Structure formats: structure tokens, C-alpha cells
Amino acid sequence: MRFPSVLRLLAVALAPAASAQSPPPASGLSALPEVEFSRLSQRDPNPLGVKALAIHPDQWKHGETEHFIYHFVDSFVATPISVEAEFHYRVVTKELQREQPAGDTKSHLYIFQKPGDWQQFQSAGKLEPWTGGIQSQGSLFIVRDPAYKFASNALGHEIAHLIIHRYYPDGIPCWLNEGFAQYVSKGAQASYLRARNYNARSKSRTVDSEKLIPLAELIALTFPPNDRVETFYDESERLVRFLAASDKTSFLSFLDALGRHQPFETALFQNYGTKFMTPAALEEEFREYASKEVGTSL
Ligand SMILES: [Zn+2]
């Protein structure tokens with residue numbers, strides 16, 4: 001049973017950000033080994049990566065784990081993030097029921113520490129309103145400072161995007177990408193919290209019928225709408241949860257179909273035709289599900 005020790009390590013990863021200001025507690029967490037840049041197993045083809053490393057170039061150190069490459073300033077900040085990243089990798093690939101072949105592409109994570117550096121970098125990419133991270137072409141840029149901590153499911157959410165990007169490099173619809181990231185990371189966080197006897201605050205949130213973004217509008221959005229950010233994430237999470245709960249196998253091939261750019265209506269009919277003949281039939285059932293309290297276990 002390796003699980004409890006992973007959770008213990010996660011406890012370090014998710015501790016209040018204040019701990020990022022001091023050396024790590026005596027937790028037995030071994031530091032992420034530093035690797036010279038020239039000896040990293042893979043380069044990041046993303047031009048934003050070059051931009052990031054050009055900000056105070058002397059400060060950057062590098063390291064890697066099985067599925068990720070890290071660029072960081074202090075290893076006591078990067079180490080818990082690397083443990084958490086691999087934990088979420090396992091949760092997400094289990095949920096997707098597919099593993100990458102060994103030696104396949106690794107995602108790059110850039111961990112800024114100085115707010116000033118982060119501000120300088122931020123203009124280079126689009127901040128994700130939910131987590132404050134920047135996700136670009138399969139790389140993730142984050143800042144770890146006292147004002148920004150992964151007390152929620154934020155890192156799990158971003159890791160889910162990184163993995164989705166590996167399988168579907170051309171992208172999947174925004175609602176599905178955000179909804180899946182929320183769905184899978186809430187489950188991971190809930191199991192972590194339950195193990196520590198916390199009441200999982202990360203539970204799936206209900207969306208009242210009158211607040212729901214109509215399905216046709218939701219699936220056409222290419223970025224979370226500024227005036228309804230919260231509703232967008234909650235509703236997308238609920239829709240993914242509803243589809244996955246209705247039939248997991250159908251959900252995975254539905255995801256695959258949308259990843260291959262099939263129209264929503266066709267993909268729905270081919271994978272859920274016996275349950276929901278049309279988007280309207282889906283919307284009717286979903287409307288009721290969206291306002292119900294549900295658990296988050298995957
Ligand atoms: Zn997201």
C-alpha cells in the first residue's frame with residue numbers, strides 16, 4: 001500500500017504557503033535532484049519557456065521526474081510540487097484509462113517565486129482565472145508566493161490540462177477541458193482531504209437552473225466568459241460529471257471524438273444515442289442533475 005505515504009507527502013505539498021518561506025519540515029521528503037539544463041532529457045519547444053528562463057537567467061535550476069520537467073528557483077519549493085504533480089498524473093491517467101508509453105513527451109513546469117518576475121512574465125500569456133496559472137502549448141507557468149498557494153485543487157486542475165494536451169495537442173472544446181480538469185482534480189483533492197479527516201470542501205458545486213448557461217452557448221465558448229467565470233467552471237464540471245456518471249466508457253469515447261473535432265451533436269449521438277437522442281434531451285436531464293448535491297468520489 002503506497003497510497004498513505006503519497007498522502008503524507010501531499011500533506012507537505014498542500015501545506016500553507018508560509019512553509020514555502022522556510023526550509024522543509026523534517027518530513028522525509030527527499031529533495032528533487034537538480035539537473036543541469038544541458039542534461040535535461042527533453043527541451044521545451046514552447047517559446048514562452050525561453051521567455052521565462054530569460055527573466056533573471058541565473059536564478060533558474062532544473063530537475064525532472066518520470067512525467068514532468070521542472071524549472072525552479074529553490075528546490076524546497078519545487079520538491080513538494082513535483083510530488084503533487086506525479087500524484088495528479090496517476091489520478092488523471094487512471095481516470096482516462098490510458099498511460100503514456102515510457103519515454104514519451106514530458107510537460108514542462110516553470111515555478112516562479114518572485115512576484116516581480118511573475119508580473120514581468122504575465123504579459124506573455126493568458127492567465128487562467130480559476131488558478132492564476134498560465135497554460136500554454138502543453139507547458140505550465142505558475143508562481144509560488146505567500147499570496148498564491150495550492151490550498152485548493154488548482155495544481156491538480158492544471159496538471160489535468162497538461163495531460164489532456166499530450167493526448168489531444170490540437171485541443172478539445174473549452175467546456176470539456178475545464179470541466180474535466182475540475183472534475184478530476186476535485187476527486188483527487190477530496191480523497192486527500194478525507195484521508196486527513198477533513199470535510200471535503202472541494203465537493204462538486206451545484207448550479208441553479210436559472211443560472212445555467214444554455215448548452216448551445218456553453219459548448220461554443222472558447223474561453224471562460226468574464227461575467228460568468230464561476231458558473232462556467234461549475235457547470236462544465238457538472239456536465240462532465242453527469243456524462244461520466246451516465247456511462248464511463250461512452251464518456252471516454254465521446255471525449256476522444258471531440259478531441260478529433262467531431263461536432264458535439266454527432267459525437268453525442270454516436271456515444272450516448274441510446275440515452276440522449278439529441279442535445280435538447282441531454283439538456284433537460286442535465287438541468288435537474290446540475291442542481292442536485294452529489295459526492296465527488298471518482
Ligand atoms: Zn483550467
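How many residues of strand E5 (residues 139-143) are buried? I looked and found five of its five, so I noted E5 as mostly covered, since buried means under 20% relative accessible area, exposed over 50% and partly exposed in between (1.4 Å probe, protein chains only).

**Before going on.** I am reading a predicted model, where local features need pLDDT of at least 70, side-chain atom pairs count only at pLDDT 80 or more, and totals for chains, interfaces and linings use all residues. Residues are numbered from 1 along each chain as its sequence is written, and side-chain values use heavy atoms, with hydrogens and water left out. Helices (H or I, at least four residues) and strands (E, at least two) are DSSP runs, numbered from the N terminus.

**Strand E5.** I checked the two faces next. In a regular strand the side chains alternate between the two faces of the sheet. Ser 139, Phe 141 and Val 143 are buried on one side of E5, and Leu 140 and Ile 142 on the other. Then I looked up the partners; two strands pair if DSSP finds at least two bridges between them. Strand E3 (residues 107-112) runs parallel to E5 and is joined to it by four bridges, while strand E4 (residues 134-136) pairs with E5 in the antiparallel sense over three bridges. Leu 140 has Leu 109 opposite and is also the bridge partner of Gln 135. In the hairpin of E4 and E5, with two residues between the strands, I spotted Gln 137 with a positive phi near 45°.

**The zinc ion.** Which residues hold it? I listed Glu 128 (OE, given twice), His 157 (NE2), His 161 (NE2) and Glu 178 (OE), at 1.8 to 2.5 Å. Donors here are N, O and S atoms within 2.8 Å of the metal (3.2 Å for Na, K and Ca); water is not among the atoms, so sites may look incomplete. Glu 128 lies in the loop between helix H4 (115-122) and E4, and His 157 in helix H5 (residues 154-167), so this pair ties together parts 29 residues apart in sequence. Glu 128 is buried, at 7% relative accessible area, and His 157 is buried too, at 0%.

**Helix H3.** I tested the length of H3 (residues 75-96): its 22 residues should span 32 Å, because the expected span is 1.5 Å times one less than the number of residues. The end C-alpha atoms are 31 Å apart, which agrees. I also noted that 18 of the 22 residues of H3 are buried.
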